[in-house]
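The following note is offered to a reader new to this structure. Please consult the sequence and the model before turning to the numbered points.

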There are 2 protein chains.
Amino acid sequence: MVREVVCAYLDREGYATIEAEDGETALDLVTSTSPDLIVLDVMLPKLDGYSLLERLRRDTDVPVILLTARAEEVDRVLGLELGADDYVVKPFSPRELVARIRSVLRRAQPTEQIATTLEYDQIVIDGASRQVVVRGQAVDMPPMEFDLLHQLAASPKRVFSRAELLEKVWGSSSDWQDPSTVTVHVRRLRQKIEADPDDPQLLVTVWGRGYRFEP
Amino acid sequence: MVREVVCAYLDREGYATIEAEDGETALDLVTSTSPDLIVLDVMLPKLDGYSLLERLRRDTDVPVILLTARAEEVDRVLGLELGADDYVVKPFSPRELVARIRSVLRRAQPTEQIATTLEYDQIVIDGASRQVVVRGQAVDMPPMEFDLLHQLAASPKRVFSRAELLEKVWGSSSDWQDPSTVTVHVRRLRQKIEADPDDPQLLVTVWGRGYRFEP
DNA sequence: TTCTCTGGTGAACGAGCCGTGAACGTCGAT
DNA sequence: ATCGACGTTCACGGCTCGTTCACCAGAGAA
């Protein structure tokens with residue numbers, strides 16, 4: 001009942017929703033549809049919310065918002081410890097839930113930013129046209145190289161390990177991938193965007209840790 | 001008297017408690033039992049709360065919650081500057097104390113890790129870019145040196161023994177490691193961050209004890 | 001003072017990381 | 001079918017960094 005109300009409201013707000021009436025169904029649906037966010041009632045037939053959350057956290061990072069009737073701190077702490085992203089106490093107003101959802105999505109978003117245009121002194125990276133302009137010169141870039149550059153440049157100065165880049169750029173299927181793939185792509189990027197590829201200023205190696213984009 | 005009530009309440013909440021009736025006893029008990037959290041009344045025989053807190057902070061990171069009768073801002077600021085994690089004014093309800101305890105424990109729980117940026121007058125240590133800026137000058141740092149510096153600077157004024165640094169920075173496999181490794185890394189750090197490496201101001205040797213970062 | 005122990009210094013070695021060049025496979029276009 | 005662009009893999013070599021060691025300097029104790 002709560003479920004229908006919530007779904008209706010979220011639909012009206014422009015979110016696409018999928019419902020599951022018990023924990024097991026939910027688990028199946030999550031793996032088959034990989035939603036952007038899960039609103040999870042702890043009182044759930046067949047597989048309760050906490051157990052489901054625990055199972056989910058073993059192999060996904062989907063943001064989860066818990067719904068619980070009990071206002072006690074214990075439940076809140078338990079939920080957050082299991083890896084919930086936020087927590088709403090029943091009874092709640094749909095408005096509040098939507099606010100929480102927005103906030104959680106905003107926090108979780110940063111991975112999905114790949115349409116943004118990034119502008120720095122030496123380089124402009126246009127996410128929409130997927131074009132790069134280096135010191136006034138347009139440069140063509142293959143898909144992988146572009147995505148890699150975009151990922152690095154979207155968080156300037158931040159160090160990314162090869163493993164992290166594999167995960168973020170190459171996607172989920174990158175468990176067995178060879179980290180040296182990243183190395184090679186970085187090299188090719190350098191040859192395209194560095195003034196002197198032998199002395200990189202933009203794509204800096206952080207020894208033992210990974211790479212960093214230096215604007 | 002307050003002590004018995006608090007302990008009784010905490011016991012009932014499922015926490016294991018140890019009592020000390022004066023500051024000196026407390027200090028002994030802390031080193032011998034290494035508790036997860038300390039609730040500390042500032043009015044204490046033999047060694048008052050503030051002094052005890054100061055002593056504690058020289059060689060531990062135990063979370064500390066201060067109990068004080070005075071509501072004045074001065075006391076609050078003093079306590080927090082000395083490194084208290086939270087602060088409760090008498091009279092207080094046991095429920096409130098428990099809430100604070102939970103909150104502090106939750107914060108302390110997930111080994112607040114190495115993406116934090118530390119800023120001091122002379123030096124800025126950026127965990128994300130793994131860059132150090134010393135008196136306006138950017139300095140790149142090898143992995144181990146950076147981790148060591150970050151560890152020391154994350155708890156300024158606190159003394160770390162070589163063994164402890166080996167454990168915290170070098171990790172689990174550091175049982176047989178040579179403590180002189182730490183010495184050498186400290187030396188190299190000094191050459192990079194000290195104005196005069198022969199007269200260290202930031203990375204101070206505490207003879208017979210270890211090292212301390214002095215902001 | 002003298003002795004002992006801790007910490008500082010310089011140098012050297014070896015492991016492992018990264019850059020490099022080249023080759024191979026795949027896929028889509030011609 | 002052929003070709004070219006792109007992604008991936010791999011071996012090799014250079015070089016950075018971590019570690020160790022012998023030796024020296026300085027603090028503390030007797």
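1. Helices (H or I, at least four residues) and strands (E, at least two) are DSSP runs, numbered from the N terminus. The model is predicted: local features need pLDDT of at least 70, side-chain atom pairs count only at pLDDT 80 or more, and totals for chains, interfaces and linings use all residues. Residues are numbered from 1 along each chain as its sequence is written, chains are lettered from A and ligands numbered from 1 in the order in which they are written, and side-chain values use heavy atoms, with hydrogens and water left out.

2. H8 of chain A and H8 of chain B each contribute at least two residues to the surface near DNA strand C, where a residue is near if one of its heavy atoms lies within 4 Å. Around this strand there are 21 residues, with A:Arg187, A:Thr205, A:Tyr211, B:Arg187 and B:Tyr211 coming nearest.

3. By class, the surface near DNA strand C holds four nonpolar, six polar and 11 charged residues. Here Ala, Val, Leu, Ile, Met, Phe, Trp, Tyr, Cys and Pro count as nonpolar, Asp, Glu, Lys and Arg as charged, and the others, Gly among them, as polar.

4. A polar side-chain atom of B:Thr205 lies 2.7 Å from a phosphate oxygen of DNA strand C. For B:Gly208, a backbone N or O atom is 3.4 Å from a phosphate oxygen of that strand.

5. DNA strand D is surrounded by 22 residues. A polar side-chain atom of A:Arg188 lies 2.5 Å from a base oxygen of DNA strand D, whereas one of B:Trp170 lies 2.7 Å from a phosphate oxygen.

Technical notes:
A polar contact is a pair of N or O atoms within 3.5 Å; within protein, one must be able to donate a hydrogen and the other to accept it, and residues adjacent in sequence count only if both atoms are side-chain atoms.
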